[in-house]
Amino acid sequence: MAKPEIRLKGFDGEWKECPFHVVAKPYFVSNKYAHHQNLLSLSYGKVKRKDINSGKGLLPASFDTYQIIKDGIIVFRFTDLQNDKKSLRVGLAKEEGIISPAYVCVECENISPEFLFLQLYSYDLRKVFYSMGDGLRQTLSYNDVKDMPIYVPSDKEQKFIIEYFNSIESVILSEESKLASLKQVKQACLVSMFPQAGEATPRVRFKGFEGEWKFVKLGSLCKKITRKASVDTKAPVMMISASSGFINQSEKYSTDNAGQSLAKYTLLYKGEMAYNHGASKIRKYGSCFALDRKEARVPFVYHTFKLLKDDSYFFAYYLNSGIFDSELRKVVSSTARMDGLLNISYETYMNLNVYRPDYEEQKRIASYFRSLDNQISLQ
């Protein structure tokens, strides 16, 4: 096909087809004598700066073997094709710097670099590069891709397409900035709206509430849940993600094996809580959430309970705020068990101390954070 299915208004006719080598030539400038210090790397389809002094990642003792690239150079990472089939393989440099000699770099001729990158990026999304070469290869070179077809419209249409995608990118960056701001607000509030260690009141408080929060055993507020799901239950199988709370098990695993062994799942109803005592990068002491749907089946290894007279959503935010970590550190073993779960029993968890404000203040705080979470989800 020599023209796109979707076209910007005012353009028609076929695009010119040519092999890649007609519009892109190999580019290599050695850093051996330049000693350039602006280190760049291809990551998720973008050429990004990397701290040359950070010591993180695999960096060479000398960057003399690296190559210098400049604005408009297209960069390919054609290594590890057999083992890594998810990465994006092409990026566009927007500044001068040095990059690994393992990357294949090209300079454009008679075509806009931005337009060619967009076309190659579309190939990348469709995993075109994985099928190139003779059979399944671990690595590709310029010669392996030099004859792939490229479609070239007029300079004017190239310009309009570039502007269109730049406008989309601008919207994405703006929305990402708003999302980051909302997450920062939430994190700051989690710190300021709960008492810190050694304090009995939060630093920031809603109008109309005063007095100290009580320091009580979590178990004095809760009742353990050991409810098993019946054979004919329609409740979805869910698990706890540290970043997202309750998610369908199928979102993480390709098969749903709950039907094979109902005894391995506990049935929860809305508002009831579960503590996943598995360590993660986000929460090294595990995660505790309140179910926000009618019912669900969760792994029996979770510590499941319900609050008798308190707001479960308030305590979900409190137990995940990081402030509760000071309590967990006292009892959690520094090593995980073979199954990846932290060595903390239900009884030990329930014996930890929590801060407890009046019920009305609990509801007000929970409502505020739920509203923030809704905004974050919408964003």
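Which residue just after H2 takes a positive phi? The exercises below concern a predicted model.

**Exercise 1. Describe H2 and identify the residue with positive phi that follows it.**

Solution.
- Step 1. Helix H2 covers residues 113–125, which makes 13 residues.
- Step 2. From its first C-alpha to its last, H2 reaches 18 Å, close to the 18 Å expected at 1.5 Å a residue.
- Step 3. The buried residues in H2 are Phe 115, Leu 116, Phe 117, Gln 119, Leu 120, Tyr 123 and Asp 124.
- Step 4. Just after H2 comes Lys 127, with a positive phi of about 60°.

**Exercise 2. Work out how E3 and E4 are connected.**

Solution.
- Step 1. Strand E3 (residues 40–43) pairs with strand E4 (residues 46–49) in the antiparallel sense, over four bridges.
- Step 2. Opposite Ser 43 stands Lys 46 in E4.
- Step 3. Two residues lie between the strands, and E3 and E4 form a hairpin.
- Step 4. In the turn, Tyr 44 has a positive phi of about 50°.

**Exercise 3. Locate the largest nonpolar core and say which elements build it.**

Solution.
- Step 1. This core holds 42 residues; those touching the most other members are Phe 194, Met 273, Tyr 318, Leu 328, Tyr 349, Val 354 and Phe 369.
- Step 2. Elements giving two or more residues to the core include helices H4 (155–192), H5 (312–319), H7 (346–350) and H8 (359–378). Strands E16 (273–276), E17 (287–290), E19 (303–307) and E20 (353–356) also give two or more.
- Step 3. H5 supplies the largest share, seven residues.
- Step 4. Take Phe 194 and set aside its neighbours within four places in sequence: among its contacts are Phe 314, Tyr 317 and Tyr 318, as well as Ile 365 and Phe 369. Pro 202, Trp 213, Ser 321 and Ile 323 are also in contact with Phe 194.
- Step 5. A second core is separate from this one; it has 32 residues, including Cys 18, Phe 78, Leu 140 and Ile 150.

**Exercise 4. Are the buried residues of H8 on the same side or on opposite sides of the helix?**

Solution.
- Step 1. H8 has 20 residues and reaches 28 Å from first C-alpha to last, close to the 28 Å expected at 1.5 Å a residue.
- Step 2. Its buried residues are Glu 361, Gln 362, Ile 365, Ala 366, Phe 369, Leu 372 and Ile 376.
- Step 3. These residues cover an arc of only 125° around the axis, so they are on the same side of H8.
- Step 4. The buried residues pack against H4, H5 and E20.
- Step 5. Ser 377 and Leu 378 are exposed residues on the face of H8 turned away from the buried side.
- Step 6. Leu 179, in helix H4, is in contact with Ile 376 and Gln 379, leaving aside neighbours within four places in sequence. Leu 179 and Ile 376 are 197 residues apart in sequence, but their C-alpha atoms are 6.2 Å apart.
- Step 7. Leu 179 has 23% relative accessibility and therefore counts as partly exposed; the cut-off for buried is under 20%.

**Exercise 5. Lay out the four-stranded open sheet and find its edges.**

Solution.
- Step 1. The strand order is E12-E19-E16-E17, with antiparallel pairing.
- Step 2. E12 (222–224) and E17 each have a single partner strand, so they stand at the edges with one side lacking a neighbour in the sheet.
- Step 3. Neighbouring strands are turned by 30° against each other on average, direction ignored.
- Step 4. E12 and E19 are joined by three bridges, and Lys 224 has Phe 305 as its bridge partner in E19.
- Step 5. H5 lies across E16, E17 and E19, and runs at about 165° to E17.

**Exercise 6. Place E15 and Pro 236 in relation to E18 and its residue Arg 297.**

Solution.
- Step 1. Strand E15 (residues 265–269) is largely enclosed by the rest of the structure, because four of its five residues are buried.
- Step 2. E15 pairs with strand E18 (residues 295–299) in the antiparallel sense over five bridges. Within E18, Arg 297 is the bridge partner of Leu 267.
- Step 3. Pro 236 is in the loop between E12 and strand E13 (238–241). Not counting residues up to four places away in sequence, Pro 236 touches Glu 295, Ala 296 and Arg 297, together with Asn 248 and Arg 293.
- Step 4. Pro 236 counts as partly exposed, at 22% relative accessibility.

How values were computed:
Residues numbered from 1 in each chain as written. Predicted model: local features only at pLDDT ≥ 70, side-chain atom pairs only at ≥ 80, totals over all residues. Heavy atoms only, no water. Core = buried A, V, L, I, M, F, W, Y, C linked by side-chain atoms within 4.5 Å. Buried < 20%, exposed > 50% of the residue type's maximum accessible area, 1.4 Å probe, protein only. Contact = heavy atoms within 4.5 Å. Expected span 1.5 Å × (residues − 1). Arc of directions from axis to C-beta. Pairing = 2+ DSSP bridges. Axes fitted to C-alpha atoms, helices over the stretch in contact; angles between N-to-C directions.
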